[in-house]
Protein chains: 2
Amino acid sequence: MLGRDDTQAVSGGPTATSTPPSAAVPFTGAHQAGIATPAQDRLAMAAFDLSTSSRDDVVAMLRTWTAAATLMVQGRPVGDVENAPLAPAVDTGEAYGLAPASLTLTVGFGPSMFDGRYGLGSRRPAALADLPQLPGDDLDPDLSGGDLVVQACADDPQVAFHAVRNLARLGRGTAAVRWFQLGFGRTSSTSSAQVTPRNLQGFKDGTNNIVAEDAAAMDSFVWVGDEGEQAWMRGGTYMVTRRIRMFIEAWDRDSFGDQESVIGRHKISGAPLGAQAEHDAVDLTAVDAQGHPVIPATAHIRLAAPSNNGGQRILRRGYSFTDGIDPVTGELDAGLFFICFQRDPRDGFVALQRQLGAHDALNEYIRHTGSGLFACPPGVATGGWWGQGLLG
Amino acid sequence: MLGRDDTQAVSGGPTATSTPPSAAVPFTGAHQAGIATPAQDRLAMAAFDLSTSSRDDVVAMLRTWTAAATLMVQGRPVGDVENAPLAPAVDTGEAYGLAPASLTLTVGFGPSMFDGRYGLGSRRPAALADLPQLPGDDLDPDLSGGDLVVQACADDPQVAFHAVRNLARLGRGTAAVRWFQLGFGRTSSTSSAQVTPRNLQGFKDGTNNIVAEDAAAMDSFVWVGDEGEQAWMRGGTYMVTRRIRMFIEAWDRDSFGDQESVIGRHKISGAPLGAQAEHDAVDLTAVDAQGHPVIPATAHIRLAAPSNNGGQRILRRGYSFTDGIDPVTGELDAGLFFICFQRDPRDGFVALQRQLGAHDALNEYIRHTGSGLFACPPGVATGGWWGQGLLG
């Protein structure tokens, strides 16, 4: 467990509290932005299916996307706004005049990119193994998978939406949107300067996340290193997305004490059961006067603890979502759109979800309805383009 | 046309630019908040069907809702957070620690409330006439209607979501959610201090809205007066909601010049065609050198102009939405969630939409997929409750 302190100033690196909402996040660098970047407040995310058989088309689209992204993260439209009247608009326009809002755009490649259509079979990383069927999976194929993904995070949802929409527009004829998800509020902190937000179950979520300032943890668990991996992925990472529906009506009927037992934390303070403050250490060995564990055997934080997962940790980036009413049950279709980054999903998300999916007391109140797995290449060099190491 | 100036300071009354996002908007008053209140950035809205045959149940729910709303608009939970462990939580918790974020909650009663179940038939206002079939309607019943509506607007979407969810929870057994809509960004200004936002077509939207500072227009067109109406509606207004899907892929393929002709405004500046600045007067009589109207005959702003609608005006409160991918077409299900308030919908929205639905050049790019009509009673007095004048 990382004993971090929200009130402590962190030297170096951008933080959410020191970055005004109008700021632009640099697009180029060793790693893609939107992974270690302090989690912005809003998400727009789309997965795409490629509709071309031509590798050149894919390359052309990725070059076009990179040029557009470079402008959009600066708060600029995709080209000159003095449009020729007889041509379609070069930019859809809904973000004209808005600040950059810390927009980041992060691209990943799904396993299906390597199926042979583009001659990439031998470049498929071992870590990009198809996710196995996991306990409790109830996945909708229309909300899962994709050849490519674009994660747009920003502090203004219109800026995030505009970015995804324009990439979709520029990719038309080459890629079609497979699924799209809006996330209205962040449920993760990726910087020690950020206050831990609450998810739609009302609990502080992700207290023991890796934070980007912890360079050792980022190198151990998030960034792909120099050995034992496809060279084009060095400095990259693997993204897993899960659309986690919460049965909030059932959750709301549960008793306050049982909710705390299910999570293993106090609801108001966020402290582990038996402790006082949110960032107090999680003591999995503590027992009460009757000899029962203070943090129950099936509590979420026990099963998710690194000590129960071979020391593995993940970098989380989660967002609350709502998509209206479930037509079958009449209940709210809402929950957590979970994104995590790790150096190898087989050790990271897959191992963790085998444990959680089978035993977590939370399973009574949640269901995984969508899933994605993507290889996020390293950052774009100045003058380079997304995926250049793979397709260039 | 109202010749207002965004740069001009307005004396008296709250404005979006002078109100910090943490502010609380008063709940009680002559009118319900959320109508003349400067439009907040985010929307969460739910319509409910009553599942009880007991008028007393409806009254009890509205009293409970009023008490909860009074707390929530102050940024407070619905009751004591020191919850008894064996009882369900008194508040779902996801807004603990968040600022009030200018939350407003606005309630309305649909025509079906007056169908005889609650002995209210004789209290139905004449202005609450069922909306007729309108040109171009393609309404989904699951996204339309409702006995009751709650509009939550706030500058933090989590605060707005929390409020609607908790009212739904408190109403369980008496009312069930019929439809729910999240709006991620405002597309209307209701104060002259607000900058006109852009909608998902990239155009500035609602430039010639009524603004709340224009008391004469509010009294003429929005608030129900003292004569010719049910007494319980005096100080109230009528709300029409329309879920307007935009075919943004088709729009994006249209030429820049045609987009401007369809709307009747320049896209970048927002100026009427033939004029220079957004708030320049709309000259519907101007013709070009060939004698053609500068603002085309079917342009949106011509058909919507008060001079083409018997002088009628409405107060708009619109939000951009996206609900993922349309499973039939594979295109984005996104658009404008349109809300308007008027003293009599027969003179306001219905007359306007007869004109627009039949002739508006915009119809090629939009479709109305949801619809609601609600009588919003006047404001709640201190110690009173929502709908007291109708049901008390």
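**Exercises on chain A**

Of the 392 residues of chain A, 55% count as buried. The model is a predicted one.

**Exercise 1.** Determine why the radius of gyration of chain A agrees with that of a compact globule.

*Solution.* Step one is the expected value: for 392 residues, a compact globule would have a radius of gyration near 21 Å. Step two is the value for chain A, which is 21 Å, and therefore the two agree. As a complement, the box filled by the C-alpha atoms, taken along the principal axes, is roughly 75 × 50 × 45 Å.

**Exercise 2.** State how many helices and strands chain A has, and what percentage of its contacts between residues at least 6 apart in sequence join residues at least 24 apart.

*Solution.* The secondary structure comes to eight helices and nine strands. For the contacts, taken between residues at least 6 apart in sequence, the share joining residues at least 24 apart is 76%.

**Exercise 3.** Establish which strands pair with β1(A), and identify the residues that stand opposite Ala46(A).

*Solution.* Begin with the strand itself: β1(A) covers residues 42-50 and is mostly covered, with eight of its nine residues buried. A residue counts as buried if 20 or more other C-beta atoms lie within 10 Å of its own.

Next, take the pairings. Strand β3(A), residues 148-154, runs antiparallel to β1(A) and is joined to it by seven bridges. Strand β4(A), residues 175-183, also pairs with β1(A) in the antiparallel sense, over eight bridges.

Finally, locate Ala46(A) in both pairings. Its bridge partner in β3(A) is Val150(A), while in β4(A) Ala46(A) stands opposite Phe180(A).

How values were computed
Residues are numbered from 1 along each chain as its sequence is written. Chains are lettered from A and ligands numbered from 1 in the order in which they are written. This is a predicted model: local features need pLDDT of at least 70, side-chain atom pairs count only at pLDDT 80 or more; totals for chains, interfaces and linings use all residues. A residue is buried if 20 or more other C-beta atoms lie within 10 Å of its own, exposed if 12 or fewer, and partly exposed in between; C-beta atoms are placed from the backbone. Helices (H or I, at least four residues) and strands (E, at least two) are DSSP runs, numbered from the N terminus. Two strands pair if DSSP finds at least two bridges between them. The radius of gyration is taken over C-alpha atoms; the globule rule is 2.2 Å times the number of residues to the power 0.38. Two residues are in contact if their C-beta atoms, placed from the backbone, lie within 7 Å.
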